[in-house]
Structures are given as C-alpha cells and as structure tokens.
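Reader: I'm new to reading protein models, and I'd love a close look at one part of this one. Could you take me through it slowly?

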Amino acid sequence: MTPRSSLRPLDVVIRIAIVGLILGTAYIHSTLGGLLFTLNAVGYLVAAAAIVIPLGLAVRFRWFVRLGLMGYAATAIVAWAVQGPYYTTAYIAKGIEIALITLLLVDFARMDGNPVNVIKSELALLTGKLGRRTATGQAGA
C-alpha cells in the first residue's frame, strides 16, 4: 500500500482525536511540576504540532512522527510503571497514552499501510541514495 496524501473525513476525525489526546496528556504533565514533567509536556506539544502541520517535510515523514510519538508515549508509560507515583491522575494519563498509541496505530495503518513495509522501503531508499553518493564520490577521486 502506498502512502495517501489526501485526508478523508474519518482521517480528520482521527487526527483531531489524536491531537486532543496529546493535548490532554500534555496538560496533565504540565500541572505536575518539576523539570521532567514539564519537558514531557513540551515534547507532547511539539508532537501535536508535528502531527498536523502542513509543511512538506512533516507530511513526507508523518509516518516517522507517528512511530516516534508511539515510542514517546510508550516510554512515558514504562517510566511511570517503574518509578510511579501511582495516583488517580497518573492512571488517567496512562489511559490517555494507551488510547493515543491505539489511534496512532490506526492512523498509521490507514495512511501508510504496514509499518514494517514502510520502514523497509524507507531503508531501501536511503541505502540506494547512500550507494549512489559513495559511487559518485569514488568516481570523482
């Protein structure tokens, strides 16, 4: 499946839900105080912008933004599970992050297809470009 560039109405709803979940967990983290929580909130805000910004580079690598955001949310969940604290608001934030990961997976599948195939094709494209550069560099020597 090749990546789609046009958004259907359901895609827009999914993106709005993703941004809403991102902003929700960013807000929760921003209210907790401390540098780590503040940086986590800022990271989520940057991710929210990256998921919707219509710049060509962001659109081209939106698949990477989705994967990165899934990893970011998963890391926040694992860090909380290891360190805590275990109070009601934390459980709400982790629920939001699990819902976020789920919606990101749905968005990835709808827009880009199989993540393994996308990564393989991107790596093939990268190695092809690097191979041409190396060959060109050697020819000029």
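Reader: At what angle do helix H4 and helix H5 pack, and how far apart are their axes?

Author: Happy to walk through it with you! Please keep in mind that this is a predicted model. Two packed helices are described by the angle between their axes and by the distance between those axes. For helix H4 (residues 62-83) and helix H5 (residues 88-111), the angle is about 155 degrees and the axes lie 9 Å apart. Angles over 145 degrees count as roughly antiparallel, and H4 and H5 are therefore roughly antiparallel to each other. Their crossing is left-handed.

Now look at the side of H4 that touches H5. The H4 residues in this contact include Trp-63, Leu-67, Met-70, Ala-74, Ile-77 and Trp-80. Across from them, H5 brings residues including Tyr-91, Ile-98, Leu-100, Leu-104, Phe-108 and Met-111. Sorted by class, the residues of the contact of H4 with H5 are 18 nonpolar and 4 charged, with no polar ones. Among the charged residues are Arg-66 of H4 and Lys-94, Glu-97 and Asp-107 of H5.

Next, follow the chain from H4 to H5. The loop between these two helices holds Pro-85. A cis peptide bond joins Gly-84 and Pro-85, with omega at about 0 degrees.

H4 has another partner too, so to speak: helix H2 (35-52). The axes of H2 and H4 come within 10 Å and cross at roughly 155 degrees. That makes H2 roughly antiparallel to H4, and the crossing of H2 and H4 is left-handed. On the H2 side, the contact is made by residues including Leu-39, Asn-40, Gly-43, Tyr-44 and Ala-47, while H4 offers Arg-62, Val-65, Tyr-72 and Ala-73, among others. The residues of the contact of H2 with H4 divide into 11 nonpolar, 2 polar and 2 charged. Here is something to look for on screen: Arg-66, Leu-69, Ala-73 and Ala-76 of H4 are listed in the contact with H2 and also in the contact with H5.

Let's move along to H2 and helix H1 (9-30). Their axes come within 8 Å and cross at roughly 165 degrees. H1 and H2 are therefore roughly antiparallel to each other, and H1 passes H2 in a left-handed crossing. Among the residues that meet are Ile-18, Ile-22, Ala-26 and His-29 in H1 and Phe-37, Ala-41, Leu-45 and Ala-48 in H2. By class, this contact has 13 nonpolar, 5 polar and 1 charged residues.

Finally, turn to the largest pocket, where the helices come up again. About 390 Å³ of space lies in it. The pocket is lined by 20 residues, and those nearest its centre are His-29, Phe-37, Asn-40, Ala-76 and Ala-79. Helices H1, H2, H4 and H5 each give two or more residues to the lining, and the largest share, 6 residues, comes from H4. The lining has 13 nonpolar, 6 polar and 1 charged residues. You have already met some of these names: His-29 and Phe-37 take part in the contact of H1 with H2, and Asn-40 and Ala-76 in the contact of H2 with H4.

Methods:
Residues numbered from 1 in each chain as written. Predicted model: local features only at pLDDT ≥ 70, side-chain atom pairs only at ≥ 80, totals over all residues. Heavy atoms only, no water. Axes fitted to C-alpha atoms, helices over the stretch in contact; angles between N-to-C directions. Helix = DSSP H or I, 4+ residues; strand = E, 2+ residues; numbered from the N terminus. Parallel < 35°, antiparallel > 145°, perpendicular 65-115°, else oblique. Left-handed = near helix turned anticlockwise from the far one by under 90°. Contact = heavy atoms within 4.5 Å. 1 Å grid on protein atoms, 1.4 Å probe; cavity = no way out; pocket = protein on both sides within 12 Å on 5 of 7 lines; lining within 4 Å. Points joined across faces, edges and corners; volume = space filled by probe spheres on them.
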